[in-house]
Each structure stands twice: as structure tokens, then as C-alpha cells.
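Thanks for making time. I will take one chain, start with one of its sheets, and then move on to a pocket and a single residue.

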Amino acid sequence: MEINLGKLPFDIDYHPSDSLVVAGLISGDLLLYRYAAESTPHRLLEVHAHDESCRAARFIHNGRAIVTGSPDCSILATDVETGSAIARLEDAHPAPINRIINLTESSIASGDDEGCIKVWDTRQRSCCNSFNAHEEYISDITFASDSMKLLATSGDGTLSVCNLRRNKVQAQSEFSEDELLSVVIMKNGRKVICGTQTGTLLLYSWGFFRDCSDRFIELCPNPVDALLKLDEDRVITGSYNGLISLVNILPNRILQPIAEHSEYPVERLAFSHDKKVLGSISHDQMLKMWNVDELLQGSSTLVRSHPAASDSDSDEMDLDSDLGRSNTGNASSSFFADL
């Protein structure tokens, strides 16, 4: 199943409980589709969300609204049913917005081109945390909900850990001599995996973020722009050469290439709410939706991981010192006043 989006897509997201998928385009447009097996996807909405490109798109509030971020530094909330604008926050960031992710039912995080990460509380209707974590663009963000920590990768070649409870950049890796492009947490919180510009996967042990504990080079030399966690042992990678691969972590090996999007780089990967559909986007302007069961039919059985008893995701294992770079956001922001 595939959808010709007509323009270069930057981001996709699936509805948390329904068969809906949203795409943000270089034109600033936001497209919403309903999909079903054995039928052509049906476009429900086309909204010109931003005057500049729509780099980030996420469903929020149990799928009732969509938030988008743009190089125009604004964040827009759009109603899923009507397509009307609920609220727009101008100058949400001091620089172009590159990533948005969901944290909880009532909060999101956004990252910009100058390395700033902000956390938005939809109940308080304000920015509640702001972290000047990096010197270059934020390429990806993920969230460890049990410890309330944000992990971010950046073009400056480092991984940061932002503690939301302490309002601190708690730890930051050393310069990896490579742009970090993507990040996931695996092994029940014990390992953090980062995709890089050279195609190397860097493995960090939780609590020991200063330097990576392992490197996996079999995907080189193709940059790994997208990582998507399948389970605690396997991750799906999207590479510059258009290949989508299934990779086992510890022991590290490529289980198999499972799809080829096109000859162009795979920019984003996402699962549907039931994990039966894998979505991928690339420079060919196509959103391709793959049947996950069919993709995994030929994959190897799950490889037993090596013991990692020394790793822990508890606060006691956060040995890297606080870096102390943070400031509280502007509580007067009323972006979510109408949500």
C-alpha cells in the first residue's frame, strides 16, 4: 500500500487508536489519510499548516488533534475532525523546529536547529522546561517515562540526557566524531542505540553516557536516519540507500533487509497503533505502508541476548554528573488554551 503525497515529506505519525496517518510536507501542508487493508487510502484533510515546511507532526490528546512544527519557529494545533486551527504559538522556539514527540497524555517535547529542547505541558498551557542541550540541530528525541528523562541526538555529535524532575541536562556524551541522527531505548531500558551519519550504530549503557560501550558497523557507509524499536532486542533501521533492515542488538547483527523503500534515503519510520503496519517516507514523495507480518515472515527467530546484569535504568546508575544547563520555560504561553 502506498500514497503519492505529491511533495517531499518530512514526518509521519499514526493515530494512537484508529487507522489514520498524518504526513507533514516541505510545502507546509498537513495531509491526513484513512487506510484499510486491500483498499486505497482516502484523504480526509489537506491543511496548509505553515508558510514554511512542516518538519514535525504528531497526534496529541488521544488523537483528537495534531501538532506540527516548522522552520517558521511556530507550533500549530489542528483539529482532526474539522481541520481547523485550534491554536498557534508563534516564536515557540528561537530557531527552526525540527522534531516533536509525545511524552505523556498531556505533554510534548520539541527540538530546534540550535540545540534547544522545550517541554510543553498541555494542562498548564505553557512551556514548563527548556534545555539548551546542544550546539547544533536536534535530530531526534526519545523519552524514558519511568525515569522522566529525555534523550536527544544532535548534529553536534553528542547524546544528551535531560532530567525533567530536576530540570537539568543531567549527562552528555563525548563528541563522537559523527553526526547522531536517531535514537531509541532498548533492552528494557539498559541500552540506548544511536544511528549516525557514517552508518555506525552506537550503543550506550544506561547511566554511563559519557562514551559508547559498543559500535555496530555493518550498516556502513550509509547514514541511519531512522530507528524504530520493534521489541527489546530488535530495531528496524532506515538507511540512506533506501533499505529498511531488521537488526538484532546484543548480539549485534543484521537479521535481514526487510524492505526497500526506493533508491533515496529513508527519512522516517513509524508503526500503526496495532503495529500491523510499518510506514516509511523518502525523497520519492511516497508514503509506503508495509504489512509487518509479511515483512517479518522470513526473519530469524529471536536471538538470545548476552546478559547485561551490570546495566540499570535506575536513578542510582546515573553516574554522569549534572551539567546544569537549563532554564524554566515561559509560563505565560497559552498555546494549549483551547485544547
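In what order do the strands of the open sheet of four strands come? The order is β14-β15-β16-β17, and the pairing is antiparallel. The edges are β14, residues 138-144, and β17, residues 168-172. Each of these two has a single partner strand, so one of its sides has no neighbour in the sheet. From one strand to the next, the twist averages 25°.

Before I go further, please keep in mind that this is a predicted model.

Staying with the sheet, look at the pair formed by β16 and β17. Strand β16 covers residues 159-163, and four bridges join β16 to β17, the two running antiparallel. If you want one bridge to find on the screen, take S160, whose partner in β17 is Q172. As general background, strands in a sheet pair through backbone hydrogen bonds, in either a parallel or an antiparallel way.

Now the whole chain. Its secondary structure consists of one helix and 28 strands. There are 339 residues, and 61% of them are buried. Taking contacts between residues at least 6 apart in sequence, 48% join residues at least 24 apart. The accessible surface is about 13,800 Å², with 45% of that belonging to carbon and sulfur atoms.

Next, the pocket. The largest pocket has a volume of about 1,300 Å³. Its lining has 49 residues, and the closest to the centre are R58, I101, N102, T142 and L228. Which strands each supply at least two residues of that lining? They are β2 (9-14), β6 (56-60), β10 (97-104), β11 (107-112), β14, β18 (180-186), β22 (224-229) and β26 (266-271). Strand β14 therefore appears twice in this talk: as an edge of the four-stranded sheet, and as a contributor to the pocket lining.

Last, one residue. V119 sits in strand β12, residues 116-121. Is V119 buried or exposed? Its relative accessibility is 3%, so V119 counts as buried, the cut-off being under 20%. Leaving out neighbours within four places in sequence, V119 has contacts that include L103, I108, A109, F131, L150 and L164. Cysteines are on the list as well, namely C127 and C128. For L164, the separation along the chain is 45 residues, while the C-alpha atoms of V119 and L164 are 8.7 Å apart.

That covers the sheet, the pocket and the residue.

Terms used
Residues are numbered from 1 along each chain as its sequence is written. This is a predicted model: local features need pLDDT of at least 70, side-chain atom pairs count only at pLDDT 80 or more; totals for chains, interfaces and linings use all residues. Side-chain values use heavy atoms; hydrogens and water are left out. Buried means under 20% relative accessible area, exposed over 50%, partly exposed in between (1.4 Å probe, protein chains only). Contact means heavy atoms within 4.5 Å. Accessible areas come from the Shrake-Rupley method with a 1.4 Å probe; for residues, only the protein chains shown count as cover. Two strands pair if DSSP finds at least two bridges between them. Axes are lines fitted to C-alpha atoms, for helices over the stretch in contact, and angles run from 0 to 180 degrees between N-to-C directions. On a 1 Å grid over the protein atoms alone, a cavity is a set of points where a 1.4 Å probe fits but cannot get out, and a pocket is an open set with protein on both sides within 12 Å along at least five of seven lines; lining residues have an atom within 4 Å of a point. Grid points are joined across faces, edges and corners, and a volume is the space filled by probe spheres set on the points.
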